[in-house]
Amino acid sequence: MSNPSVSRRSVLGASLAATAAAVPAVTSTRTAPGPDALLLDVLARYWRAERAILAMEAVREPPLKSLEYPVWEAKFDALIADRAQAIGQLSGIRAVTTEGWQAKAQVVERCLPSSVRWDDGGMQTPEILLAMSLARDVAGGAA
């Protein structure tokens with residue numbers, strides 16, 4: 001199997017690194033659990049993973065044949081998996097407040113364009129499932 005001259009990661013890395021400043025530093029400001037407390041906790045995990053991914057993409061990755069590369073790749077893959085898991089969890093949690101809807105919408109706005117651009121899995125990607133979950137939340141489950 002041949003390696004393409006321009007990897008998907010390189011293209012995504014360049015565009016994501018350029019927008020790193022736009023990633024909000026999200027932390028829950030709630031002092032007591034509210035109706036969307038779990039959703040906001042998962043949201044914070046999503047943004048932590050997203051910021052870590054962007055930080056890794058902003059610097060040159062080790063050469064493919066170096067001893068450091070497998071460690072770097074494993075860390076990067078774990079962050080990607082954690083981000084995808086957070087998106088999947090968000091899609092399974094019903095948002096009931098404006099804050100919850102906005103939280104989901106921020107993630108949809110952030111991740112859906114690249115998911116659609118790369119067409120990674122049709123209607124069953126975590127990003128599409130989250131968008132559909134947000135639509136159900138806002139519509140009140142009318143569909």
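Is Ser91 buried or exposed? Ser91 turns out to be buried, at a relative accessible area of 15%, where buried means under 20%, exposed means over 50% and partly exposed is what falls in between (1.4 Å probe, protein chains only). The model behind this value is a predicted one, in which local features need pLDDT of at least 70 and side-chain atom pairs count only at pLDDT 80 or more, while totals for chains, interfaces and linings use all residues. Residues are numbered from 1 along each chain as its sequence is written, and side-chain values use heavy atoms, with hydrogens and water left out.

Now for the overall layout. The chain holds five helices and zero strands, so called because helices (H or I, at least four residues) and strands (E, at least two) are taken as DSSP runs, numbered from the N terminus. Read from the N terminus, the elements run α-α-α-α-α. Of the 143 residues, 37% count as buried. The chain exposes about 8,700 Å², and carbon and sulfur atoms supply 60% of that area; accessible areas come from the Shrake-Rupley method with a 1.4 Å probe, and for residues only the protein chains shown count as cover. Taking contacts (heavy atoms within 4.5 Å) between residues at least 6 apart in sequence, 75% join residues at least 24 apart.

Back to Ser91, which sits in helix 3 (residues 69-91). Leaving out residues up to four places away in sequence, Ser91 touches Leu129, Leu130, Ser133 and Arg136. Pro126 is 35 residues away from Ser91 along the chain, yet their C-alpha atoms are separated by 7.4 Å. Ser91 also has a partner in its own helix: its side chain reaches the backbone oxygen of Gly88 at 2.6 Å. That pair can be read against the cut-off for a polar contact, which is a pair of N or O atoms within 3.5 Å; within protein, one must be able to donate a hydrogen and the other to accept it, and residues adjacent in sequence count only if both atoms are side-chain atoms.

Helix 3 as a whole is worth a look. Its 23 residues should span 33 Å at 1.5 Å a residue, and its end C-alpha atoms are indeed 33 Å apart, which agrees; the expected span is 1.5 Å times one less than the number of residues. The buried residues of helix 3 include Tyr69, Trp72, Glu73, Phe76, Leu79, Arg83, Ala86, Ile87, Leu90 and Ser91. An α-helix has 3.6 residues a turn, so residues three or four places apart point the same way.

What about the nonpolar cores, meaning sets of buried Ala, Val, Leu, Ile, Met, Phe, Trp, Tyr and Cys residues joined through side-chain atoms within 4.5 Å? The largest has 20 residues, of which Leu39, Leu43, Tyr46, Leu90 and Val107 touch the most other members. Helix 2 (37-58), helix 3, helix 4 (98-118) and helix 5 (126-139) each supply at least two residues of this core, and the largest share, six residues, comes from helix 2. Tyr46, setting aside neighbours within four places in sequence, is in contact with Arg83, Ala86, Ile87, Val107, Arg110 and Cys111. There is also a second, separate core of six residues, among them Tyr69, Trp72, Phe76 and Leu79.

Charged residues come next. Side chains of opposite charge can pair when their charged atoms come close. With a salt bridge taken as a side-chain nitrogen of Lys or Arg within 4 Å of a carboxyl oxygen of Asp or Glu, the count comes to four. In one of them Asp82 pairs with Arg45, the closest N and O atoms being 3.0 Å apart. This pair links distant parts of the chain, since Asp82 is in helix 3 and Arg45 in helix 2, 37 residues apart. Asp82 is partly exposed at 23% relative accessible area, whereas Arg45 counts as buried at 19%. Beyond Asp82, Arg45 also touches Gln85, Ala86 and Gln89.

Another salt bridge joins the side chains of Glu50 and Arg83 (2.7 Å, N to O). Here Glu50 of helix 2 meets Arg83 of helix 3, 33 residues apart. Glu50 is buried at 2% relative accessibility, and Arg83 is buried at 18%. Glu50 and Arg83 belong with Arg110 to a network of salt bridges. Asp137 and Lys104 pair up too, at 2.5 Å from N to O. Asp137 lies in helix 5 and Lys104 in helix 4, so the pair ties together parts 33 residues apart in sequence. Both Asp137 and Lys104 are buried.
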